[in-house]
Amino acid sequence: MNMGDNMSKILKIGIIGTGSISEEHIKSYIKNPNVELYALCDLNFDRVNEMAKKYDVKNVYTDMNEMLKLNEIDAVSVCTWNSAHAPCAIAALNAGKHVLCEKPMSVSEKDAIMMKEAADKAGKLLMIGFVRRYGNDCTILKEFIDSNQFGEIYYAKATYLRRAGNPGGWFGEKARSGGGPLIDLGVHVIDLTRYLVGNPKPVSVFGVTFQKLLGRDNIKARPRYRAASATNHDICNVEDFATALIRFDNGFVLSVETSFSLNMKNDIGKIELFGTKGGAKLEPTLEMYTEMNDYLADIQLDAETALNFEGIFYNEISHFVECINNNETCKSPAEDGVTIMKILDAIYQSAQTGHEVIL
Ligand SMILES: NC(=O)c1ccc[n+]([C@@H]2O[C@H](COP(=O)([O-])OP(=O)(O)OC[C@H]3O[C@@H](n4cnc5c(N)ncnc54)[C@H](O)[C@@H]3O)[C@@H](O)[C@H]2O)c1
């Protein structure tokens, strides 16, 4: 990657898509001393102007191709709905910008491969916003895994279940989202678990999806994450629950469960790892399970192990800036985004055919 020309300078940043999550990017860029937030772009004129006013950004666009003509922009965050990730990221890379693209990388492995090829050709960084990799909880658990406290980790469960948590807007519309909770929420926990255990190569997938409860827009008085454009009558043609078993080349198996809508009491988000010497559960705090002196022992650290949501976007954005300015090795590279898209494609394919998909 040719990044020498950007050594230690103040990076000028553009944002494509100024909806709900872009505010986390914007606030983190503004806090970063090595960055100038330079331009904002959104198809929605009112939204982008409202954000430009709120964050005092002078250069405002509704056409990303116009914004990308600005030579002074070094890098962009792509925070659009999922189907626009590939066209926006590829256009930005072709215009010579480094790109931080929100998760999921794209709506298909095919698009993800094209994005990676564009980055390789341009010699620019394409980082994927796998923000959970930047959490304090992930860092601590990874230290324990890397110092072999769990022995061989052979099984894990990744759970991200919401009782009534479809974010509305485009999230329920397959053409713009690529799918439901699997591609929106499952992507976080599949990636986090695979990252924690050392990024093994997936070899087969069996998946099932259900579309039973839809978006549950009728549910009253329940606060939830919402797309900036959400209404109470959005399309919902995606799955509302997905489950899958993913096998990896080293024998490791991951079981995933994820929902936007499910008849259960409380929302659940957790990762459970099971190894030969011990096990671990991440969230709400880190717990570890092992044997000591022929007793079963449960371990809780005298440390802050609950996920600090405030810090994770700042950590992610700081890392993006460090990668560009100081040539650091990217912790969430395009390559991993492609692998995760391969897994997601295979889960949807398996759910459709009723058969295991060999990768
Ligand atoms: N990392 C996380 O934890 C996290 C959390 C929420 C959302 N996200 C991801 O962030 C992305 C955006 O989600 P959101 O909740 O902010 O959605 P949103 O609907 O609030 O915002 C998306 C914005 O993108 C704009 N847009 C779409 N195509 C565009 C284009 N070609 N050019 C310019 N603007 C365009 C839309 O007009 C809209 O304002 C999604 O990919 C989502 O998966 C990540």
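Is Asn-293 buried or exposed? Asn-293 counts as exposed because its relative accessibility is 74%. The views below come from a predicted model.

**View 1. Asn-293 and Asp-294 sit in the loop between strand 13 and strand 14.** Phi of Asn-293 is near 50 degrees, a positive value in a residue other than glycine. Asp-294 also has a positive phi, near 65 degrees. Most residues other than glycine have a negative phi. Asp-294 is exposed, with a relative accessible area of 75%.

**View 2. Nine strands form an open sheet.** Their order is 14-13-12-11-7-10-9-8-15, and the pairing is mixed. Strand 14 (295-299) and strand 15 (357-358) are the edge strands. Each of these two pairs on one side only. Strands of a sheet pair through backbone hydrogen bonds, either parallel or antiparallel.

**View 3. Strand 9 and strand 10 run antiparallel.** Strand 9 spans residues 241-248, and strand 10 spans residues 253-259. Seven bridges join them. Phe-241 has Ser-259 in strand 10 as its bridge partner.

**View 4. Strand 12 is covered on both faces.** This strand holds residues 279-282. Gly-279 and Lys-281 lie on one side, with Ala-280 and Leu-282 on the other. All of these are buried. In a regular strand the side chains alternate between the two faces of the sheet.

**View 5. Strand 11 and strand 12 form a hairpin.** Three residues lie between the two strands. Strand 11 covers residues 268-275 and pairs with strand 12 in the antiparallel sense, over four bridges. Glu-272 stands opposite Lys-281 of strand 12. Lys-281 is one of the buried residues of that strand.

**View 6. A second hairpin joins strand 12 to strand 13.** Strand 13 (residues 287-292) runs antiparallel to strand 12, and three bridges link the pair. Gly-279 stands opposite Tyr-289 in strand 13. Four residues separate the two strands. In the turn, Glu-283 has a positive phi of about 85 degrees. The peptide bond from Glu-283 to Pro-284 is cis, with omega near 0 degrees. Pro-284 lies in the loop between strand 12 and strand 13.

**View 7. A cis peptide bond leads from Lys-103 to Pro-104.** Its omega is near -15 degrees. Pro-104 lies in the loop between strand 5 (98-102) and helix 5 (109-122). Most peptide bonds are trans.

**View 8. The ligand takes up the space of the largest pocket.** Helix 4 (85-94) and helix 8 (181-196) are the elements that give two or more residues to the shell around the ligand. There are 26 residues around the ligand. Asp-42, Asn-82, Trp-170, Tyr-225 and Ala-228 come nearest.

**View 9. Polar atoms of Ser-20, Tyr-225 and Ala-228 face oxygen atoms of the ligand at short range.** For Ser-20, a polar backbone atom is 2.9 Å from a ligand oxygen. Tyr-225 uses a polar side-chain atom, which lies 2.5 Å from an oxygen atom of the ligand. Ala-228 has a polar backbone atom 2.7 Å from a ligand oxygen. On its own, the ligand has 850 Å² of accessible area, and the protein covers 92% of it.

**View 10. Ala-227 lies in the loop between strand 8 (202-210) and strand 9.** Ala-227 counts as buried because its relative accessibility is 7%. Ala-227 and Ile-183 are 44 residues apart in sequence. Their C-alpha atoms are 15 Å apart in space.

Conventions. Residues numbered from 1 in each chain as written. Predicted model: local features only at pLDDT ≥ 70, side-chain atom pairs only at ≥ 80, totals over all residues. Heavy atoms only, no water. Buried < 20%, exposed > 50% of the residue type's maximum accessible area, 1.4 Å probe, protein only. Pairing = 2+ DSSP bridges. Near = heavy atom within 4 Å. Polar contact = N/O pair within 3.5 Å; in protein donor to acceptor, adjacent residues only side chain to side chain. Areas by Shrake-Rupley, 256 points an atom, 1.4 Å probe, with all protein chains shown as cover. 1 Å grid on protein atoms, 1.4 Å probe; cavity = no way out; pocket = protein on both sides within 12 Å on 5 of 7 lines; lining within 4 Å. Sits in = over half its atoms within 2 Å of the grid points.
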